[in-house]
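Notebook open, model loaded. I want to see how the inside is packed, then check a few backbone oddities.

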Amino acid sequence: MSNYAISVITPVHNTNPEMFRKCFESLKNQTIGFEKIEWIVVFHNCDKEREQELQDIVKGYDNIKTEMLYNDIYSPSSPRNRGLDIANL
C-alpha cells in the first residue's frame, strides 16, 4: 500500500530542460503536498544526452520514478501505458 494520493504520468520526448523544470516546480507546489504525488516520468525515444540532463533535474526524490522506453511507436500512448504499468495506484 502506498502513501500516494495520486499518480501523475508524464511522457517526455527530448523536452526542453527549462520547460521540464517548470513542470517539476508546478508539481512541487501543489496544495495536496508533493510527498502525496507519485510522479512517473517516461522518457520516450529520447536522445541519451537530453535524457540524462532531465534525469539530473529530478534525482534524489523517492516519489519520482523514471523509466526509459525505446520503441517504434511515435505517439504519447505508448509511454502513458508504460507509466500505468508501473504506477502504485
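I began with the largest nonpolar core, which has 14 residues. The residues with the most contacts inside that core are V12, F20, F24, W39, V41, V58 and I64. I then looked up where the core residues come from: helix 1 (17-28), strand 2 (37-44) and helix 2 (48-58) each supply at least two. Strand 2 gives the most, with 4 residues. Note to self: this is a predicted model.

Next I picked V41 and listed its contacts, leaving out residues up to four places away in sequence. V41 touches T10, V12, F20, I64, K65, T66 and E67.

Apart from the largest core I found another one, of 5 residues. Among them are I40, V42, L69 and I86.

I86 turned up again when I went through helix 3 (residues 77-86), where the buried residues are S78, P79, G83 and I86. Looking down the axis of helix 3, I see these buried residues fall within an arc of 140 degrees, so they line one face of the helix. L84 and D85 are exposed on the other side of helix 3. I also checked what covers the buried residues of helix 3, and the cover includes strand 1 (6-12), strand 2 and strand 3 (64-69).

Last, the backbone. Which non-glycine residues have a positive phi? I noted N14, at about 50 degrees, and N45, at about 55 degrees. N14 sits in the loop between strand 1 and helix 1, while N45 is in the loop between strand 2 and helix 2. Buried or exposed? N14 has 24% relative accessibility, so I put it down as partly exposed. N45 has 14%, so N45 counts as buried.

Technical notes: Residues are numbered from 1 along each chain as its sequence is written. This is a predicted model: local features need pLDDT of at least 70, side-chain atom pairs count only at pLDDT 80 or more; totals for chains, interfaces and linings use all residues. Side-chain values use heavy atoms; hydrogens and water are left out. A nonpolar core is a set of buried Ala, Val, Leu, Ile, Met, Phe, Trp, Tyr and Cys residues joined through side-chain atoms within 4.5 Å. Buried means under 20% relative accessible area, exposed over 50%, partly exposed in between (1.4 Å probe, protein chains only). Contact means heavy atoms within 4.5 Å. The arc is that of the directions from the helix axis to the C-beta atoms.
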